[in-house]
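Me: I am new to protein models and would like to learn how to read one. Could you take me through it step by step?

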Amino acid sequence: MPFPPMISLILYGVITGFGAGLLIIISVAPAWSYFEHIRGRVTGLVFLGYNAGTAILGLVFYYLVNPNGRKAEWDGKAGQLYFGDEVTDNI
């Protein structure tokens, strides 16, 4: 039996938040120890790289997986949106 949607959403948020926080601390701690006198600037640069990388790679992967810009189609039987085989074969 699947989880209720709200519990799934909360668990996803908690697990994702914990993982992202752990990744940020692992990235920032060595930079802090190396650049002790400019910790604030280093923290900002690490966060900038973390978030800019997410934004840029999101666009890159979108165009790699869906090069022709196909729109999702509604499947009334399953009750959800899906992409055709042209996109799913690229995943």
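Reply: Happy to help; we will go from the whole chain down to single residues. Keep in mind that this is a predicted model.

Me: Let's begin with the outline. How many helices and strands are there in the protein chain?

Reply: A good habit is to list the elements before looking at any side chain. Here the protein chain has three helices and two strands. Going along the sequence, they come in the pattern α-α-β-β-α.

Me: And the overall shape: is the protein chain spread out or a compact globule?

Reply: For this we compare the radius of gyration with what a globule rule gives for the chain length. The protein chain has a radius of gyration of 19 Å, while the rule gives 12 Å for 91 residues, so the chain is more spread out than a compact globule. Along the principal axes, its C-alpha atoms fill a box of roughly 60 × 35 × 15 Å.

Me: What share of the residues in the protein chain is buried?

Reply: Buried residues account for 10% of the 91 residues. As for the surface, the protein chain exposes about 7,600 Å², and 71% of that comes from carbon and sulfur atoms.

Me: How do I read contacts between parts that are separated in sequence?

Reply: Look at how far apart in sequence the touching residues are. Among contacts between residues at least 6 apart in sequence, 16% join residues at least 24 apart. C-alpha distances help too. Leu23, which is placed in helix α1 (residues 5-34), and Asp75 are 52 residues apart along the chain, with 37 Å between their C-alpha atoms. Leu23 is partly exposed, at a relative accessible area of 41%.

Me: Could we try a residue in another helix? Is Thr43 buried or exposed?

Reply: The way to decide is to compare the relative accessible area with a cut-off: under 20% is buried. Thr43 counts as buried because its relative accessibility is 19%. Thr43 sits in helix α2 (residues 39-65). Leaving aside residues up to four places away in sequence, Thr43 touches Val28 and Trp32.

Me: Now charges, please. How many positive and negative side chains does the protein chain have?

Reply: There are 5 positive and 6 negative side chains, and the centres of these two sets are 12 Å apart. The next step is to look for oppositely charged partners, and a search of the whole structure finds two salt bridges.

Me: Which residues meet in those salt bridges?

Reply: Arg70 and Glu73 form one of them, with 3.0 Å from N to O. Arg70 also forms a salt bridge with Glu86, where the closest N and O atoms are 3.4 Å apart. That second pair links distant parts of the chain: Glu86 belongs to helix α3 (residues 85-88), Arg70 to the loop between α2 and β1 (73-75), and the two are 16 residues apart. Through shared partners, the salt bridges join Arg70, Glu73 and Glu86 into one network.

Me: Where do these three stand on the accessibility scale?

Reply: Let's check each value in turn. Arg70 is partly exposed at 28% relative accessibility, Glu73 is partly exposed at 34%, and Glu86 is partly exposed with a relative accessible area of 32%.

Me: Which residues does Phe83 touch?

Reply: When you list neighbours, set aside those close in sequence. Not counting residues up to four places away, Phe83 touches Asn66, Arg70, Lys71, Ala72 and Thr88. Phe83 lies in the loop between β2 (80-82) and α3, and at 35% relative accessibility it counts as partly exposed. By contrast, the C-alpha atoms of Phe83 and Gly49 are 31 Å apart, with their positions 34 residues apart along the chain.

Me: Could you say more about Asn66?

Reply: Asn66 is located in the loop between α2 and β1. With 3% relative accessibility, Asn66 counts as buried. Its contacts, again without residues up to four places away in sequence, are Phe83 and Val87.

Me: One last residue: where is Tyr82 found?

Reply: Tyr82 is in strand β2, and it is partly exposed, with a relative accessible area of 37%. Tyr82 and Ala72 are 10 residues apart in sequence, and their C-alpha atoms are 5.2 Å apart in space. Beyond four places in sequence, Tyr82 touches Ala72, Glu73, Trp74 and Asp75.

Notes:
Residues are numbered from 1 along each chain as its sequence is written. This is a predicted model: local features need pLDDT of at least 70, side-chain atom pairs count only at pLDDT 80 or more; totals for chains, interfaces and linings use all residues. Side-chain values use heavy atoms; hydrogens and water are left out. Helices (H or I, at least four residues) and strands (E, at least two) are DSSP runs, numbered from the N terminus. Buried means under 20% relative accessible area, exposed over 50%, partly exposed in between (1.4 Å probe, protein chains only). Contact means heavy atoms within 4.5 Å. The radius of gyration is taken over C-alpha atoms; the globule rule is 2.2 Å times the number of residues to the power 0.38. Accessible areas come from the Shrake-Rupley method with a 1.4 Å probe; for residues, only the protein chains shown count as cover. Lys and Arg count as positive and Asp and Glu as negative; His and the chain ends are not counted. The place of a charge is taken as NZ of Lys, CZ of Arg, CG of Asp or CD of Glu. A salt bridge is a side-chain nitrogen of Lys or Arg within 4 Å of a carboxyl oxygen of Asp or Glu.
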